[in-house]
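Hi there,

Here is the structure I promised to pass on to you. Have a look at it first, and then read on for what turned up in it.

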Amino acid sequence: MANQVQSNQPFELSGGSNSGVISLTMVISSGTVQLQKLCGNDPDNDTWVDVENGSFSSNGECTFWAPSGQKYRCTFTDATVYRAG
């Protein structure tokens with residue numbers, strides 16, 4: 001089941017697995033989507049870094065391997081993003 005992602009809202013792998021796959025689907029009107037990974041444990045105070053090949057300016061999808069406990073977020077404008085995994 002896909003869940004809609006809000007811009008700058010942290011998310012991580014669902015379930016109790018040690019690692020698994022996260023899939024993002026992006027519908028972009030006129031903006032961009034940037035996938036970022038948290039360096040640290042505190043989403044409000046630690047550093048977010050851009051994920052390599054994680055920048056999108058047109059409709060698309062991104063599927064990636066994610067360890068359990070690693071937080072990600074998408075920053076975007078004029079787009080809708082859905083996450084599965």
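**What turned up, starting with Val33**

If we skip its neighbours within four places in sequence, Val33 is in contact with Met26, Ile28, Gly54, Ser55, Phe56, Cys74, Thr75, Phe76, Ala79 and Val81. Before you go further, keep in mind that this is a predicted model.

Those contacts make a good way into the core. The largest nonpolar core has 18 residues, and Leu24 and Val33 are the ones with the most contacts inside it. Which strands supply this core with at least two residues each? They are β2, β3, β5, β6 and β7, the last of these covering 79-84. Of these, β2 gives the most, with four residues.

**Two sheets**

Now for the strands themselves. Val33 belongs with an open sheet of three strands, so let me start there, using the strand β3, which covers residues 33-39. The order in this sheet is β4-β3-β6, and the pairing is antiparallel. At the edges you'll find β4 (47-56) and β6, each of which pairs on one side only. On average, neighbouring strands here are turned by 35° against each other, if you ignore direction. Try following the join between β3 and β6: the two pair in the antiparallel sense over five bridges. One place to look is Val33, whose bridge partner in β6 is Phe76. Phe76 is also among the contacts of Val33 mentioned above.

The other open sheet has four strands in the order β1-β7-β2-β5, again with antiparallel pairing. Here β1 and β5 stand at the edges with a single partner strand each, so one side of each has no neighbour in the sheet. From one strand to the next, the twist averages 30°.

Inside this sheet, β2 is worth tracing on both sides:

- Towards β5, the pairing is antiparallel and runs over eight bridges. Met26 has Gly60 as its bridge partner in β5, and Thr25 stands opposite Glu61 in β5.
- Towards β7, six bridges join the two strands, which run antiparallel. Val27 stands opposite Thr80 in β7.

While you're in the strands, one general point helps: in a regular strand the side chains alternate between the two faces of the sheet.

**A closer look at Tyr82**

Stay with β7 for a moment, since that strand is where you'll find Tyr82. Is Tyr82 buried, exposed or partly exposed? Its relative accessibility is 34%, so Tyr82 counts as partly exposed. Leaving out its neighbours within four places in sequence, Tyr82 is in contact with Ala2, Asn3, Gln4, Val5, Ser23, Leu24 and Thr25. Leu24 is one of the two residues with the most contacts inside the core. Tyr82 and Val27 are 55 residues apart along the chain, yet their C-alpha atoms are separated by 8.7 Å.

**One salt bridge**

How many salt bridges does a search of the whole structure find? It finds one. The partners are Glu12 and Lys71, with their closest N and O atoms 3.2 Å apart. Glu12 lies in the loop between β1 (3-5) and β2 (19-28), while Lys71 is in the loop between β5 (60-67) and β6 (72-76), so the pair ties together parts that are 59 residues apart in sequence. Side chains of opposite charge can pair when their charged atoms come close. Both partners are partly exposed: Glu12 has 29% relative accessibility, and Lys71 has a relative accessible area of 22%.

**Aromatic rings**

There are two aromatic pairs in the structure. Ring pairs link Phe11, Phe64 and Tyr72 into a cluster. If you want to describe such a pair yourself, you give the distance of the centres and the angle of the planes.

**And a glycine in a loop**

Last stop: Gly16, which sits in the loop between β1 and β2. Gly16 is exposed, and its relative accessible area is 80%. Gly16 and Gln36 are 20 residues apart in sequence, and in space their C-alpha atoms are 22 Å apart.

Have fun exploring!

Notes: Residues are numbered from 1 along each chain as its sequence is written. This is a predicted model: local features need pLDDT of at least 70, side-chain atom pairs count only at pLDDT 80 or more; totals for chains, interfaces and linings use all residues. Side-chain values use heavy atoms; hydrogens and water are left out. Rings of Phe, Tyr and Trp (its six-membered ring) pair if their centres lie within 6.5 Å; planes under 30 degrees apart count as stacked, over 60 as edge-to-face and the rest as tilted. A salt bridge is a side-chain nitrogen of Lys or Arg within 4 Å of a carboxyl oxygen of Asp or Glu. Buried means under 20% relative accessible area, exposed over 50%, partly exposed in between (1.4 Å probe, protein chains only). Two strands pair if DSSP finds at least two bridges between them. Axes are lines fitted to C-alpha atoms, for helices over the stretch in contact, and angles run from 0 to 180 degrees between N-to-C directions. A nonpolar core is a set of buried Ala, Val, Leu, Ile, Met, Phe, Trp, Tyr and Cys residues joined through side-chain atoms within 4.5 Å. Contact means heavy atoms within 4.5 Å.
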